[in-house]
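Colleague: Could you walk me through this model while I have it open? I'd like to ask things as they come up.

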Amino acid sequence: MFSKVLVANRGEIALRVIRACRELGVRSVAVYSDADAAAPHVREADEAVNVGPAPSAESYLRGDRVVEAAKRVGAEAIHPGYGFLSEREWFARLVRDEGLVFIGPPPEAIAAMGSKTAARQLAIAAGVPVVPGTTSALRDAAEAERIAQEFGYPVLLKAAAGGGGKGMRVVRESRELASLLDAARREAKNAFGDDAVYVEKYIVGPRHVEIQVLGDQHGTMLSLGERECSVQRRHQKMIEEAPSVAVSPERRRQMGETAVRAARAAGYVNAGTCEFLLDQDGRFYFLEMNTRLQVEHPVTELVTGIDLVQWQLRIAAGEQLPFAQEEIGPRGWAIECRITSEDPDNGFLPSTGRIEYLHVPSGPGVRWDGGIEIGSEVGLHYDPMLAKLIVWAPDRERAVERMHRALLELTVQGVETSRDFHLRVMEDDEFRRGAIEIQWLERRLPTLVKTTPPENGVLVAAVAAALLAHRDRSGRVSPGKNDRPALGNGGTNASEDVTPADPWKQAARREAIGDRW
Ligand code: ADP
């Protein structure tokens, strides 16, 4: 095992990796930007190195500085977390070329799965079913039209370099095609510096079900089962669970074998995720492989009892996986809610400020993977995810009840959060029945949020003040009712935090920065 590992990330995932290091007796080194000098991950690590100013392009994305820091402090390996440098082939290569270990897949595997079109080609060659569509970038609108006619509308335009739901457009009819292709290209160019866009058939009403794989350097590649990630807004996950109500043991075996085949075809090592769409007839289609640890990895950890981050380190250090595929099966049920600094009742507007008070849920079956503490400044430089609240229970019904209970215990004061929104989802009949698919949340949103579009900041402050006057921290949240007891975070928000200087402009800015993993 390594003696010292540098954690090239921030927030909750940096803390998660630091904890794994400590449990394995490995010294950890944090990196941080000027904005994060007082962040919890900096304090919790054994050492910390400043890698630059607040903007991530000048700090967390500076692979050269990160590698230089690792060498300076004598770390043997670098864990990239998710986002930032985690899926950059050049970074994995740089780490290796500098004689360090990248805790993740080899750069060749990142490259093989790096573009969606390359991944589709690889999957097809390996006999892995993919969503019908093209495997190379579109030349022009005429070609797009011809292909769309062939597959039939609706179709989905997708950025080959895509991620975080960017550069994606649903085209429902021919006359929209040319302008939506332009829009997808522009967005892809802005987000990834690459305007290559291809077409997939748009599958109506599927679930997003992904398979966690874990492979060592000695030829073992295992499936750790599925995660259901259908609760999405704008193609971004908000709630994840394991297992999935839609996956029988037989389908789990089929999907697991398919994921392992795709991973092997890419020469994959370490933890990775194959994403699939599972349609209403039970057919599944490979979407892409995420060549890193996922945000939602804890739900798999809780139902399999396998510590994915520790195994990432152990595999990178050359250890062999001691499990057999037959031994791995889900036990009980786990659910994760992403607690973000956004206001669901105002179009998920980003909220900034200082965490004035924080009460973290605890008790049986509750896990909090957080990156904030009282005094933390929540700004616009980084992803709005503050923490993940994860629960485990013997079955889904009890997991939902437990999540509801844990959310009621949670208080975050100082910024708006998604806490009340998650409470309403836990109370929703359709969610409780597991009747979810990827378009479910957008369709259900009107009953899950209270829409009070702000005409100006003053109005928002007034509404906030009025709601604060009626706060009731213990009550259940009534979806769709006007007498909702609490504002944002259990009614404990300071009203001035609801009115950042220009919230819409800030939202646009965050959107522009916006890596969401
Ligand atoms: P990204 O890498 O940008 O996250 P993905 O390919 O993983 O893009 O897709 C993100 C989400 O978009 C999926 O979880 C699913 O909800 C939706 N999606 C992707 N492809 C399709 C498709 N062909 N039909 C319907 N929905 C899709």
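Modeller: Happily, and one definition comes before anything else: helices (H or I, at least four residues) and strands (E, at least two) are DSSP runs, numbered from the N terminus. Please also keep in mind that this is a predicted model.

Colleague: Okay, with that numbering, where is Pro243?

Modeller: Pro243 lies in the loop between strand 11 (236-242) and helix 9 (249-265), and the peptide bond leading to Pro243 from Ala242 is cis, with omega near -5 degrees.

Colleague: And what about the bond between Tyr153 and Pro154?

Modeller: That bond, joining Tyr153 and Pro154, is a cis peptide bond as well, with omega about 0 degrees, and Pro154 belongs to the loop between helix 7 (141-151) and strand 6 (155-159). As background, most peptide bonds are trans.

Colleague: Switching to the sheet, in what order do the five strands come?

Modeller: The five strands form an open sheet in the order 3-2-1-4-5, with parallel pairing. Strand 3 (47-52) and strand 5 (101-102) are at the edges and each has a single partner strand, so one side of each is left without a neighbour in the sheet.

Colleague: How many bridges join strand 1 to strand 4?

Modeller: Strand 1 (residues 4-7) and strand 4 (residues 77-79) run parallel and are joined by three bridges, and Leu6 has Ile78 in strand 4 as its bridge partner.

Colleague: What is Phe84 paired with?

Modeller: By the ring-centre rule there are nine aromatic pairs, and one of them is Phe84 with Tyr60, a stacked pair at 5.1 Å centre to centre with 20 degrees between the planes. This pair links distant parts of the chain, 24 residues apart, since Tyr60 sits in the loop between strand 3 and helix 3 (63-73) and Phe84 in the loop between strand 4 and helix 4 (89-97). The backbone of Phe84 has a phi near 40 degrees, which is a positive value in a residue other than glycine.

Colleague: Last one: how do helix 12 and helix 13 cross?

Modeller: The axes of helix 12 (residues 396-409) and helix 13 (residues 419-427) come within 9 Å and cross at roughly 155 degrees. Angles over 145 degrees count as roughly antiparallel, and the two helices are therefore roughly antiparallel to each other, in a left-handed crossing.

Colleague: Which residues meet there?

Modeller: From helix 12, Val400, Met403, His404, Leu407 and Leu408 meet Arg419, His422, Leu423, Met426 and Glu427 of helix 13. By class, this contact has six nonpolar, two polar and two charged residues.

Note on methods
Residues are numbered from 1 along each chain as its sequence is written. This is a predicted model: local features need pLDDT of at least 70, side-chain atom pairs count only at pLDDT 80 or more; totals for chains, interfaces and linings use all residues. Side-chain values use heavy atoms; hydrogens and water are left out. Two strands pair if DSSP finds at least two bridges between them. Axes are lines fitted to C-alpha atoms, for helices over the stretch in contact, and angles run from 0 to 180 degrees between N-to-C directions. Angles under 35 degrees count as roughly parallel, over 145 as roughly antiparallel, 65 to 115 as roughly perpendicular and the rest as oblique. A crossing is left-handed if the near helix is turned anticlockwise from the far one by less than a right angle, and right-handed if clockwise. Contact means heavy atoms within 4.5 Å. Ala, Val, Leu, Ile, Met, Phe, Trp, Tyr, Cys and Pro count as nonpolar, Asp, Glu, Lys and Arg as charged, and the others, Gly among them, as polar. Rings of Phe, Tyr and Trp (its six-membered ring) pair if their centres lie within 6.5 Å; planes under 30 degrees apart count as stacked, over 60 as edge-to-face and the rest as tilted.
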